[in-house]
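Okay, thanks everyone for coming. I'll walk you through one model this morning, so have a look at it on the screen first.

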Amino acid sequence: MKKNIYLSLLAAIFLTASLFLTACGSGESDDDRPYVVATTMMLEDIVNQVASEFVRVDGLMGPGVDPHVYRATPGDFRALERADLILYNGHYLEARLSEILATMPERTFAAAEQIDTALLIEAFEFGGNYDPHVWFDVTLWIQVVEAVGNRLQDLVPDHAEEIASNTVAYVQELESLDEWVRERLNQVPEERRVLITAHDAFSYFGQAYGFEVMGLQGLSTQSEYGLQDVSRMVRFIIENEIPAIFLETSIAPRSVQSLMNGVRERGGHVELGGELFSDAMGARGSEEGTYTGMVRFNINTIAGALE
Ligand SMILES: [Zn+2]
């Protein structure tokens with residue numbers, strides 16, 4: 001008898017706990033504010049910056065998650081079903097979510113696809129037509145912020161004015177961030193402005209701030225790299241006396257380590273410049289878990305290793 005009571009108590013605790021977990025992860029809530037789901041942390045952060053009081057937001061991809069190969073979990077499907085608005089990057093960044101996103105056109109908003117394509121880097125060999133990594137040029141990201149701000153005003157018309165003024169204030173913050181990035185990178189001698197990383201995420205960074213960028217893997221981590229790619233890059237690092245190369249938090253360190261080993265085997269020398277936040281940001285609640293904090297961290301890491 002005692003055992004039965006104990007068991008039902010356990011079952012009740014378990015049930016409460018699982019209901020609670022489901023409610024957190026999939027958009028079930030007593031909160032009646034509009035529910036926004038963002039795929040990447042960068043987009044989740046925009047909502048937090050300009051409309052956090054007026055909507056609820058969940059992000060599908062956390063720190064260290066690679067968007068190119070990310071697949072929706074059962075919890076994600078429930079969240080997407082309940083969402084009033086789904087923000088995604090687009091330009092085929094979220095390759096494996098594109099089919100499900102295409103089934104709900106009236107609720108989705110491809111934030112990076114709002115940028116004038118004349119400003120984008122073409123990439124026809126990739127699944128999309130343009131390089132999707134627009135957040136590495138702060139001025140392009142400002143355009144994304146403004147577009148998302150407008151879309152959120154449509155979603156919450158009662159608070160459109162507040163969202164508009166939050167967006168203006170945040171854009172000003174990003175404009176000063178862009179100035180700071182330029183000043184900080186000016187401390188890197190011109191011949192050292194070469195950024196070598198695991199995959200080709202930094203082309204917009206290179207275009208905006210005058211760096212040559214090279215990734216071992218292509219635009220998407222779905223692409224493979226071979227021994228030839230490694231040895232070509234090893235030769236480049238040695239011939240150009242590149243002082244440092246960089247890991248990315250959302251990609252296993254293996255590929256960059258093979259470059260370092262290759263350089264060492266040929267008697268060259270290259271340092272590990274550190275780990276960059278490329279396609280995912282830092283932990284939620286930390287400095288690097290915001291867009292501005294992530295940019296500052298990346299730029300200090302790059303400049304610190306190359307200057
Ligand atoms: Zn990427």
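**A walk through the model**

So, this is a predicted model, and the average pLDDT for the protein is 92, with 91% of the residues scoring at least 70. Where does pLDDT stay under 50? That's residues 14-24, and for that stretch the model has 3 contacts beyond four places in sequence. I'll leave that part alone.

Now the overall picture. You're looking at 10 helices and 8 strands. The C-alpha trace spans about 75 × 55 × 35 Å along its principal axes. There are 307 residues, and buried ones make up 40% of them. If you take contacts with a separation of 6 or more, 64% of them are between residues 24 or more positions apart.

The domain assignment gives us domain 1, residues 2-182, and domain 2, residues 189-306. Their C-alpha centres lie 26 Å apart. Where they meet, 28 residues of domain 1 are in contact with 25 residues of domain 2. On the domain 1 side of that, H2, H5 and H6 each supply at least two residues, and H6 has the largest share, with 4 residues. Keep those helices in mind, they'll come back.

Let's go to the sheet. Four strands make an open sheet, and reading across you get E2-E1-E3-E4, with parallel pairing. At the edges are E2, residues 56-59, and E4, residues 108-110, each pairing on one side only. From one strand to the next the twist averages 20 degrees. Further in, E1, residues 35-38, is joined to E3, residues 85-88, by 3 bridges. If you want a spot to zoom in on, find Val-37, which stands opposite Ile-86 in E3.

Lying across E1, E2 and E3 is helix H2, residues 41-51, and it runs at about 165 degrees to E2. How many of the 11 residues of H2 are buried? It's 10, so this helix is largely enclosed by the rest of the structure. What I'd point out is that the buried set isn't just nonpolar names: Glu-44, Asp-45 and Gln-49 are in there, along with residues including Met-41, Leu-43 and Val-47. And what covers them? The cover includes the strands E1, E2 and E3, plus H5 (138-155), H6 (160-185) and H10 (291-306).

That takes us to the core. The largest nonpolar core has 84 residues, and the ones touching the most other members are Val-36, Val-47, Leu-87, Ala-111, Val-144 and Ile-237. H5 gives the most to it, 10 residues. Where does this core sit relative to the domains? Both domain 1 and domain 2 give residues to it, so it lies between them.

Take Leu-87 as a way in. Setting aside neighbours within four places in sequence, Leu-87 is in contact with Val-36, Ala-38, Thr-39, Leu-43, Phe-109, Ala-111 and Val-148. So that you can place a few of those: Leu-43 is one of the buried residues of H2, and Val-36 and Ala-111 were on the list of core residues I just read out.

A couple of less enclosed spots. Thr-139 lies in H5. Buried or exposed? Somewhere in between: Thr-139 has 14 other C-beta atoms within 10 Å, so it counts as partly exposed. Beyond its neighbours within four places in sequence, Thr-139 is in contact with Asp-178 and Ala-208. For a sense of distance, Thr-139 and Gly-75 are 64 residues apart in sequence and 34 Å apart in space, C-alpha to C-alpha.

Then there's Arg-296, over in H10. Arg-296 is also partly exposed, with 17 other C-beta atoms within 10 Å. How far is Arg-296 from Val-181 in space? They're 115 residues apart along the chain, and their C-alpha atoms are separated by 7.6 Å.

Last stop, E7, residues 244-248. This strand is mostly covered, with 4 of its 5 residues buried. E7 runs parallel to E8, residues 271-276, and 5 bridges join the two. Ile-245 is the one to look for there, standing opposite Leu-272 in E8.

That's the tour, happy to rotate the model to anything you'd like to see again.

Definitions and conventions
Residues numbered from 1 in each chain as written. Predicted model: local features only at pLDDT ≥ 70, side-chain atom pairs only at ≥ 80, totals over all residues. Pairing = 2+ DSSP bridges. Axes fitted to C-alpha atoms, helices over the stretch in contact; angles between N-to-C directions. Contact = placed C-beta atoms within 7 Å. Buried ≥ 20, exposed ≤ 12 C-beta atoms within 10 Å, placed from the backbone. Core = buried A, V, L, I, M, F, W, Y, C linked by C-beta atoms within 7 Å. Domains from an automatic or database assignment. pLDDT = per-residue confidence, 0-100.
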